[in-house]
Every structure is written in structure tokens, then in C-alpha cells.
Amino acid sequence: MNLKKYLVRALHRLQKGPGYTYKELLVWYCDNTNTHGPKRIIKEGPKKKLIWFFLTLLFASLVFWQWGILINTYLSYNVTSSLSIGFKTMKFPAVTVCNANPFKYSEVKHLLKELDRLIEAALERILQPVPGNGSENIFPPLDLRLWNQIPLVLIDEHDKDNPVILDIFESNQTAAGNQSAADDQTAADNQTAADNQTCSHQGSENCTYRNFSSAAQAVTGWYMSTSILSKVPLQERIRMGYQAEDMILACLYGAEPCNYKNFTQIYHPDHGNCYIFNWGMDKEALNSSNPGAEFGLKLILDISQQDYIPYLSSAAGARLMLHQQKSFPFLKDQGIYAMAGTETSIGVLVDELERMGYPYSDCTNNGSDVPVKNLYSQYNTSYSIQACLRSCFQNHMVEICGCGHYMFPLPEGINYCNNEDNPGWAYCYSSLRSSIRHRQICIDSCKETCNDTQYKMTISMADWPSEASEDWIFHILSYERDMSTNVTLDR
């Protein structure tokens with residue numbers, strides 16, 4: 001019965017409905033709508049019709065304009081930033097501690113013997129750049145194979161209009177204008193400058209040049225570019241570095257004592273053995289609920305400066321970095337130095353960033369949607385844009401040069417570049433590093449993380465220990481480390 005009544009009513013409505021023309025449809029809509037304007041346009045007199053027509057048109061336009069703003073705002077995916085400042089219980093950061101010098105000189109001296117002889121002879125030639133002071137006057141004769149692969153030349157600019165290139169181990173001189181790119185980037189106010197030349201192979205015209213305004217920078221840069229230790233097995237390099245028990249003399253976290261066993265050892269290509277406190281790999285991360293130095297981490301470190309490699313490490317101290325748990329420490333980007341013979345106090349302000357994902361930003365949660373294989377995953381660390389950019393560069397290096405750079409992790413089955421097996425690797429690396437196209441490919445491929453924590457540090461320093469207390473402090477620390485009654489440590 002109810003269904004029959006519904007059908008009858010529907011039939012009546014259809015019978016009373018609009019006709020088939022647009023005019024009939026419009027009149028029917030205006031006559032039956034609940035809105036005031038259209039109904040009065042139909043039923044009122046001529047003057048009122050005109051007034052209601054303009055009022056209806058005006059407010060309809062306002063409605064559509066508001067709809068347009070609303071839809072445009074929605075499709076722009078605007079993000080509101082909210083900022084809150086305060087104190088709360090949070091995870092204490094992971095703290096990475098390294099020595100500025102990667103290896104003990106006493107352990108690697110036999111591997112660097114020929115390299116050191118080359119540098120010593122080069123320094124003598126730089127300080128006395130006179131004809132006849134070539135390699136033939138040195139006994140025993142120098143092995144110049146490595147030098148010829150990556151030569152270092154001196155540019156004499158006493159005569160600004162006619163600078164002269166002095167080949168360090170040859171007696172001949174060359175006008176700077178005859179050698180391409182030799183004097184393009186040297187400082188105009190320097191008497192001498194050094195130029196580092198890298199070629200795809202000896203005698204090739206495919207060369208790149210790197211200019212230095214000081215021979216001190218040139219010597220250190222050349223020494224590092226030889227990568228002579230890249231063929232040494234990893235375990236041997238770890239053994240030749242600074243051990244935790246020798247470097248970390250004392251440790252205190254809050255009111256709790258700690259020692260070198262509370263640190264996780266990793267091998268870092270820049271700094272050798274590094275040690276991470278509160279990394280969170282094997283144990284739960286420590287929490288910090290109170291601000292202030294008395295609730296933080298206190299360390300006494302021995303950097304053994306007397307055992308530094310003289311031509312590799314021109315700076316002395318400890319390299320420190322604060323970072324998130326389970327993240328790889330990129331000390332070259334975010335690390336700081338703590339100077340020897342000082343007490344360095346570091347205050348920390350933590351910034352926690354939470355970015356909204358697509359379509360608000362092109363960030364990633366764990367790197368699974370990034371088309372670059374993360375080579376740092378072998379450390380079981382989390383994704384970061386620094387890891388992505390370095391992995392991308394190393395993948396290009398392997399693809400183009402046939403070997404990997406010693407500063408980055410290796411893909412499986414690939415060896416590090418060295419001058420014996422890959423004599424043209426330095427030219428290939430320099431060309432790739434200066435390539436804007438390859439750099440842009442990596443930038444476009446890698447993404448920022450959606451959740452990130454940044455540590456802003458305030459640093460202050462004071463001499464340590466004081467002159468009044470250094471005698472007994474060095475005696476105590478020497479005894480605790482070496483069981484010696486003699487002082488084996490110094491400032």
C-alpha cells in the first residue's frame with residue numbers, strides 16, 4: 001500500500017514538472033525553489049524583478065568567488081608550522097668521538113716511508129726552488145711513479161706578467177702561459193703558488209688542475225689524494241688506529257660512571273676508529289630529564305698528539321658530533337673540534353622537525369621510495385639525505401671509474417681505487433666531482449627525511465688542567481692508564 005502511494009505521488013510530480021525547453025526548465029526551477037531571489041524574479045513586478053535580479057547575481061557571484069578561494073586553498077596543500085619551546089624528558093643524543101688523526105704514525109710509518117721521502121724532498125725543493133735541485137741529487141733515488149701520476153708543480157709569480165712554472169723534481173722551467181689552466185686560479189698577491197695536476201694516464205692531455213695559494217695546503221691535499229692506505233685490509237686499518245682504552249681515559253654520565261666499554265666502535269674513513277656513546281643499536285637509548293652539565297656526559301680524552309702523521313693531520317684535537325640514535329655520523333658535515341689541553345663545554349638545543357609527506361612535501365619516512373641504493377645500510381643505520389648523496393656519488397664512481405672512492409662504503413664485489421690497479425682513478429674522481437650534471441642527478445634522486453632532529457650547540461672552552469693542578473692530575477691519569485708512577489701524559 002505504501003509503495004502504491006509513493007508511485008502515485010511521483011507520477012503527479014512528473015506530470016506537474018517542467019517542460020522540455022530551457023525556458024520552461026528555468027521558469028519551473030524559479031517557481032519551485034526555496035531560495036528567495038529566483039522566485040521573486042518570476043513573481044514580482046518589473047521594477048522589483050530588476051532589483052532581485054541584480055541582488056541574486058551579486059550574491060551568487062560572491063558564493064562562487066568564495067568557492068574558488070576554498071578549492072584553490074585546498075589544492076595548494078598549505079602547511080601550518082607550529083613551534084613549541086620547553087623542557088621535557090627526551091632521549092639523550094648519540095655522541096660520536098674520534099681523533100683528528102686517523103692512524104698512529106708508529107703503526108703506519110713503514111707503509112708511508114716512500115711517500116714521506118717524496119714530501120720531504122718536495123718541501124726542500126719548494127723552499128729552495130733553484131735549478132739543479134732535482135731528484136737525481138737525492139740518494140737513495142726516489143720512486144717517482146706515484147709522483148708522476150699526480151704531479152705537484154710550483155708557480156713563481158715574482159714577475160706578475162710572466163709567471164714561471166717550476167717542476168719540483170726536474171731542472172727545467174716552463175712559462176706559465178704555455179701550460180693550460182696553470183695560473184688561472186692563483187692568488188694575485190702571492191709570490192708563489194702550487195698547482196696539482198691529475199691526468200687520465202701519464203702523458204695524456206686529459207688533465208684537471210687544482211690550484212693552491214699556499215704550498216702548505218697543496219702538500220696536505222696531495223698527501224691525502226694518494227690514498228696509499230686504501231689497499232690495506234679493514235681489520236688492519238682498525239688495528240693501526242687509536243684504541244678506545246687508550247683514548248677514553250674517564251667517563252661519567254650524570255651520576256653514573258662509565259668507561260670505553262659503553263662505546264660502540266666504528267671505522268670512519270676520515271678519522272679512523274670512532275666511538276659512539278648511546279647509539280641505541282644494542283641497548284635502549286638513555287633518557288635525559290634535566291638540563292645542565294651535571295646531568296650530561298663528561299669525558300677525558302687522550303689524543304696522543306705525539307703520534308700524529310705529520311703530513312696528513314695539520315689539526316690536533318678530538319672530533320665530536322651529536323646525532324640521532326641509529327644514524328651514521330657524518331663528521332665532515334656536522335662535527336666540531338675539541339681542542340687539546342682544554343675543557344670544552346657544549347650546551348645543546350634540540351630541534352625536532354616533522355614534515356608532512358606527499359602531497360605537502362617530497363620527503364621520505366625511511367628511504368624505501370628513494371631510487372638510490374643506500375650503501376650505509378651495512379652499518380644498520382637509518383636513512384639520511386647525507387647517506388643518500390654519498391651513496392649516489394659512489395654508485396656513479398663505480399659505474400664510470402670501475403672502482404670505489406675510499407671515503408665511502410663499497411657496493412658488494414667492488415674494490416677501492418688505488419694507484420697500482422687504477423692509475424687513472426684520480427682524474428676520473430676529479431672529473432666526476434666537478435660534474436654539475438651528476439651532482440644534479442643525485443640531488444634530484446635523494447629526499448629529505450620527514451622526521452628529523454637537529455642539535456644546535458653552544459660551545460665554551462677553558463684551559464685544562466690548570467697550572468696548579470696539572471701535576472697531580474697527569475700523575476693520576478698516567479697511573480690509571482699505564483700503571484706507571486711516571487707521568488706519561490701531557491697537555
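This report walks through one helix pair and a set of salt bridges in a predicted model.

**The H12 and H13 pair**

Let's start with two helices. Helix H12 spans residues 385-401 and helix H13 spans residues 425-433, and their axes come within 10 Å of each other. The axes cross at roughly 135 degrees, so H12 and H13 are oblique to each other. Their crossing is right-handed.

Which residues bring H12 and H13 together? On the H12 side they are Phe393, His396, Met397, Ile400 and Cys401, and these meet Trp425, Cys428, Tyr429, Leu432 and Arg433 in H13. By class, the residues of this contact divide into 8 nonpolar, 1 polar and 1 charged.

**Salt bridges**

Next come the charged pairs. Side chains of opposite charge can pair when their charged atoms come close. A search of the whole structure finds 10 salt bridges, and the table lists three of them with their N to O distances.

| Basic residue | Acidic residue | N to O distance |
|---|---|---|
| Arg239 | Glu107 | 2.9 Å |
| Arg117 | Glu114 | 3.5 Å |
| Lys447 | Asp369 | 3.3 Å |

Take the salt bridge between Arg239 and Glu107. The pair links distant parts of the chain, with Arg239 in helix H9 (residues 234-240) and Glu107 in helix H5 (residues 105-108), 132 residues apart. Arg239 has a relative accessibility of 41% and so counts as partly exposed. Glu107 is partly exposed too, at 25%.

The salt bridge of Glu114 with Arg117 sits within a single helix, H6 (residues 113-127). Because the two residues are 3 apart there, about one helical turn separates them. Is each partner buried or exposed? Glu114 is partly exposed, with a relative accessible area of 36%, whereas Arg117 is buried at 17%, under the 20% cut-off.

Lys447 and Asp369 form a salt bridge between loops. Lys447 lies in the loop between helix H14 (436-445) and strand E17 (451-463), while Asp369 lies in the loop between strand E16 (342-354) and H12. The pair therefore ties together parts that are 78 residues apart in sequence. Lys447 counts as buried at 15% relative accessibility, and Asp369 counts as partly exposed at 41%.

Finally, shared partners matter for one group: salt bridges join Glu107, Glu236 and Arg239 into one network.

Key
Residues are numbered from 1 along each chain as its sequence is written. This is a predicted model: local features need pLDDT of at least 70, side-chain atom pairs count only at pLDDT 80 or more; totals for chains, interfaces and linings use all residues. Side-chain values use heavy atoms; hydrogens and water are left out. Axes are lines fitted to C-alpha atoms, for helices over the stretch in contact, and angles run from 0 to 180 degrees between N-to-C directions. Helices (H or I, at least four residues) and strands (E, at least two) are DSSP runs, numbered from the N terminus. Angles under 35 degrees count as roughly parallel, over 145 as roughly antiparallel, 65 to 115 as roughly perpendicular and the rest as oblique. A crossing is left-handed if the near helix is turned anticlockwise from the far one by less than a right angle, and right-handed if clockwise. Contact means heavy atoms within 4.5 Å. Ala, Val, Leu, Ile, Met, Phe, Trp, Tyr, Cys and Pro count as nonpolar, Asp, Glu, Lys and Arg as charged, and the others, Gly among them, as polar. A salt bridge is a side-chain nitrogen of Lys or Arg within 4 Å of a carboxyl oxygen of Asp or Glu. Buried means under 20% relative accessible area, exposed over 50%, partly exposed in between (1.4 Å probe, protein chains only).
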